[in-house]
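Student: Could you take me through one helix of this model in close detail, along with the parts around it? I would like to see how its surroundings connect to the rest of the fold.

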Amino acid sequence: MERLEYDLLLKGGTVIDPRNGVNGVRDVAIAGRKIAAVEANIPARRSIETIDVTGLYVTPGLVDIHAHVYAGTGLRGAFCGDYSLYPDGHTFRSGVTTVVDAGSSGWRNFEDFKDRVIDRARTRVLAMLNIAGHGMDGQREQDAREMDSEEAARQALRHKDLVVGIKTAHYAGPDWVAVDRAVQAATLAGLPVMTDFGDFRPERPYRELVLERLRPGDISTHMYLRMMPLLDGAGRVLPYLFDARKRGVFFDVGYGGGSFLFRQAVPAIRQGWIPDSISTDLHALSMNGGMQDMTNVMSNFLNMGMTLEAVIAASTWNPAREIRREDLGNLSAGAPADVAVLRLAEGECGFVDTFGARMKGTRRLVCELTVRDGRVVWDRNGKTRQEWDELAPDYGIQGDARWDGMLRHPERER
Ligand SMILES: [Zn+2]
């Protein structure tokens with residue numbers, strides 16, 4: 001029997017791969033768990049399965065670098081507990097193949113998180129360790145004695161393949177201890193810091209955070225927060241922000257359940273203050289609010305004036321670079337075969353910020369199909385499937401374990 005070169009071929013779509021400067025009609029061939037080729041016109045006969053994705057956008061699997069997925073601990077009212085969500089129920093259906101848990105766990109409970117969630121999820125789950133040892137348990141995040149830079153760095157280095165940053169969040173004190181210890185830990189471990197600045201206090205101005213305390217490559221999340229010193233009295237973006245970006249500090253969305261305001265975002269985006277990375281801050285308190293999911297957050301930015309290419313870059317290659325995982329967020333030959341296939345639906349629609357205000361829109365991204373690790377794991381309209389009444393009357397399990405990740409194929413062993 002002839003051995004085919006490819007397991008899966010996505011044919012006829014418009015590929016947007018910012019890492020490789022591609023924005024045009026291309027075919028994407030996958031062999032095993034890797035991207036094999038992105039070229040014009042790869043013949044269908046060279047692949048076991050070919051999916052016609054004409055009229056759709058084919059992008060690297062989306063990389064959401066701010067989410068909370070440390071579920072299952074039983075802790076009430078905590079992000080390392082009931083506010084977290086199991087990732088697979090939220091990721092693939094919106095094109096996300098990699099999710100970064102932003103500090104729900106700390107150095108003390110990371111291994112529990114790994115055992116409970118990371119090792120069991122089909123989504124690629126990476127983590128930023130909270131500088132507070134117990135992570136976001138809602139109690140000990142304020143306790144400076146829990147912020148041990150050396151322990152955090154040690155845990156990060158022990159799990160180099162999974163830990164991609166150090167997080168500090170929700171700190172309410174007047175001093176810089178949470179930020180400084182996070183930066184210390186990150187320096188020891190060779191990782192970036194992500195800050196959720198917590199309370200904005202006059203004793204520790206945000207301006208000082210992004211101009212002095214954070215290092216180039218560190219990330220400030222919740223960039224369109226109500227408290228964020230973003231616009232002057234006349235509605236102009238404050239110049240220090242552009243200086244901070246010039247220094248190399250990254251600005252991330254972290255939409256969440258209370259961190260995104262149209263009054264801040266719309267004027268800022270009009271003036272070019274666009275995000276380096278688009279992220280959801282997915283958790284139980286954001287999932288059914290204005291945030292919804294990754295493609296909805298991306299659609300917000302599309303309707304606020306960002307180009308589709310910029311929105312895709314901010315959801316794939318940019319976040320991959322921020323977490324220093326340049327193997328992700330691109331469709332280079334040899335990259336992990338994580339792919340999103342998106343439809344751009346035109347027509348009247350609407351978006352809601354985390355304060356409940358609406359913004360009208362005309363374009364919405366919808367995830368049609370997701371490939372993770374070389375297999376189709378989400379197929380909204382059954383594009384990979386044959387019509388039921390064209391199959392034999394006694395049809396059994398359809399598909400092929402080499403490309404199909406949705407059905408239970410007894411022969412799947414990888
Ligand atoms: Zn968060």
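Tutor: Here is a walk that starts at one helix and moves outward to the sheet and the metal site. The model is predicted, so local features need pLDDT of at least 70 and side-chain atom pairs count only at pLDDT 80 or more, while totals for chains, interfaces and linings use all residues. Residues are numbered from 1 along each chain as its sequence is written, and side-chain values use heavy atoms, with hydrogens and water left out.

Our helix is α2, residues 149–158 (helices are DSSP runs of H or I with at least four residues, strands runs of E with at least two, numbered from the N terminus). Ser149, Ala152, Ala153, Gln155 and Ala156 are buried in α2 (buried is under 20% relative accessible area, exposed over 50%, partly exposed in between, with a 1.4 Å probe and protein chains only). Looking down the axis of α2, you find its buried residues within an arc of 165 degrees, so they line one face of the helix (the arc is taken from the directions from the helix axis to the C-beta atoms). The cover over these buried residues of α2 includes α1 (110–118), β8 (124–130), β9 (163–168) and α3 (177–189) (contact means heavy atoms within 4.5 Å).

Now look at the start of α2, where a side-chain oxygen of Asp148 comes to within 3.1 Å of the backbone nitrogen of Glu150. Glu146, in the loop between β8 and α2, takes part in a salt bridge with Arg108, with 2.9 Å between the closest N and O atoms (a side-chain nitrogen of Lys or Arg within 4 Å of a carboxyl oxygen of Asp or Glu). This pair links distant parts of the chain, as Arg108 sits in the loop between β7 (96–106) and α1, 38 residues apart from Glu146. Glu146 counts as buried at 10% relative accessibility, whereas Arg108 is partly exposed at 45%.

From α3, one of the covering helices, another salt bridge reaches out: Asp180 meets Arg213 at 2.8 Å, N to O. Here too the pair links distant parts of the chain, with Asp180 in α3 and Arg213 in helix α4 (206–213), 33 residues apart. Asp180 is partly exposed at 30%, and so is Arg213 at 25%.

The covering strands belong to a sheet. β8 and β9 pair in the parallel sense over 4 bridges (two strands pair if DSSP finds at least two bridges between them), and Met128 has Gly165 of β9 as its bridge partner. They are part of an open sheet of 7 strands with parallel pairing, in the order β6-β7-β8-β9-β10-β11-β12. At its edges stand β6 and β12 (250–251), each with a single partner strand, so one side of each has no neighbour in the sheet.

Edge strand β6 brings us to the zinc ion. Its protein donors are His66 (NE2), His68 (NE2) and Asp281 (OD), at 2.1 to 2.4 Å (donors are N, O and S atoms within 2.8 Å of the metal, or 3.2 Å for Na, K and Ca; water is not among the atoms, so sites may look incomplete). His66 lies in β6 (62–67) and Asp281 in the loop between α6 (262–270) and α7 (294–303), so this pair ties together parts 215 residues apart in sequence. His66 is buried at 1%, and Asp281 is buried at 5%.

Terms used: Polar contact = N/O pair within 3.5 Å; in protein donor to acceptor, adjacent residues only side chain to side chain.
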